[in-house]
Amino acid sequence: MKVIFHPRFYEVYTSDPAAAAGRMESIVKALEKDFEFVEPGPALERDLERVHGRSHIQQVKGDRPVYEIGCLAAGGAILAAETAFNGQTSFGLIRPPGHHASPHSCWGFCYFNNIAIAIKKLITEGKAKNALILDFDLHFGDGTSNTFSGSTSVSYFHPEGINRESFLEDLRRCLQSERLYDIIAISAGFDRHEEDWGGLLKTEDYFIIGKWAKEASLQRCQGKRFGVLEGGYNHSVLGRNVRSFLQGLSD
Ligand SMILES: [Zn+2]
């Protein structure tokens, strides 16, 4: 398991909760003893253009620090996807998050759609033909859904449930569906935790989700799987939740 991380992700690039001081530190501290860290480079403009329109990219460029950190986050997702495709499970410990970034607009602390950019690159380069994007963040990833609406090669799935059991059951059903995929990409948001905004999942549930994703990938796509960070805002539990997920997801 490789953790893709760049020290620039510590930067407080804006004033939203995803960019808050101490957020990445809490996760790094929980992971650094047990996982190997790898530094990504920034995504290139042509990588962004596979998902986003020119005017959206220009608009983000207007805020230079946000643009630079956004390119680095997208580059981190690309490296996570390529590492997974080459046979090593990986996790993009990146920010800003991406799943509320649509081709021509963004909101919800997101600028560029990291996971969509990574999957589009794999598909454009002929590496993967099909992908499943599983998004277990508290919030629906409208940006990812919009990017792949009408796509026959990429399925986006956001489980729902009124309680913990029904949520996990919905997620498990998605992984066991008959749809084709060459890789499982996971938008891993931890804001559904019982001590975060969603108030639903326990820390051990993230281990179970990771394990189910691992098992599905071993059955369906030679184990090819990766995750990227989306939401998760309670710094006192975020580190152990990410760690629990990675322990389930790794071999
Ligand atoms: Zn969220």
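## Zinc site, helix packing and selected residues

At 27% relative accessibility, H139 counts as partly exposed, a class that lies between buried (under 20% relative accessible area) and exposed (over 50%), computed with a 1.4 Å probe on protein chains only. The model is a predicted one, in which local features need pLDDT of at least 70 and side-chain atom pairs count only at pLDDT 80 or more, while totals for chains, interfaces and linings use all residues. Residues are numbered from 1 along each chain as its sequence is written, and side-chain values use heavy atoms, with hydrogens and water left out.

### The zinc site

H139 is one of the protein donors of the zinc ion, which are D137 (OD), H139 (ND1) and D191 (OD), lying 2.0 to 2.1 Å from the ion. Donors here are N, O and S atoms within 2.8 Å of the metal (3.2 Å for Na, K and Ca), and since water is not among the atoms, sites may look incomplete. Along the chain the donors follow the spacing D-x1-H-x51-D. D137 has 0% relative accessibility and therefore counts as buried, whereas H139 is partly exposed.

H139 is also among the residues in contact with H100, together with S105, C106, W107, G108, C110, F140, D142 and G143, when neighbours of H100 within four places in sequence are left aside; contact means heavy atoms within 4.5 Å. H100 lies in the loop between β3 and α5, and with 5% relative accessibility H100 counts as buried. From H100 to G141 the C-alpha to C-alpha distance is 5.4 Å, although 41 residues separate the two in sequence.

### Backbone features in loops

Helices (H or I, at least four residues) and strands (E, at least two) are DSSP runs, numbered from the N terminus. The loop between β3 (90–92) and α5 also holds P96, which is joined to R95 by a cis peptide bond with omega of about 5°. F109 lies in the loop between β3 and α5 as well, and F109 has a positive phi of about 70° although it is not a glycine. With a relative accessible area of 24%, F109 is partly exposed.

A positive phi, near 50°, is also found at Q222, again a residue other than glycine. Q222 is placed in the loop between α8 (203–220) and β7 (225–229), and its relative accessible area of 66% makes Q222 exposed.

### Helix packing

Three helix pairs are set out below. Axes are lines fitted to C-alpha atoms, for helices over the stretch in contact, and angles run from 0 to 180 degrees between N-to-C directions.

| Helix pair | Axis separation | Crossing angle |
|---|---|---|
| α4 (residues 64–85) and α5 (residues 114–124) | within 8 Å | roughly 45° |
| α8 and α9 (residues 235–249) | 6 Å | about 30° |
| α7 (residues 164–175) and α8 | within 10 Å | roughly 15° |

Angles under 35 degrees count as roughly parallel, over 145 as roughly antiparallel, 65 to 115 as roughly perpendicular and the rest as oblique. The crossing of α4 and α5 is therefore oblique, while α7 and α8 are roughly parallel to each other.

α4 passes α5 in a right-handed crossing, a term used when the near helix is turned clockwise from the far one by less than a right angle, anticlockwise being left-handed. On the α4 side the contact comprises G70, A73, A74, A77, I78, A81, E82 and F85, which meet N114, I115, I117, A118, K121 and L122 in α5. These residues divide into ten nonpolar, two polar and two charged, where Ala, Val, Leu, Ile, Met, Phe, Trp, Tyr, Cys and Pro count as nonpolar, Asp, Glu, Lys and Arg as charged, and the others, Gly among them, as polar.

α7 likewise passes α8 in a right-handed crossing, with R164, F167, L168, L171, R172 and L175 of α7 meeting D205, I209, W212, A213, A216 and R220 of α8. By class, this contact has eight nonpolar, no polar and four charged residues.

α8 passes α9 in a right-handed crossing. Their contact draws on residues including F207, I209 and A213 of α8 and S244, F245 and L249 of α9, and its residues divide into six nonpolar, six polar and four charged.

### A buried residue in α1

I27 lies in helix α1 (residues 23–31) and is buried, with a relative accessible area of 0%. Residues up to four places away in sequence not being counted, I27 touches L93, L229, L238, G239 and V242. The C-alpha atoms of I27 and H235 are separated by 8.1 Å, with these positions 208 residues apart along the chain.
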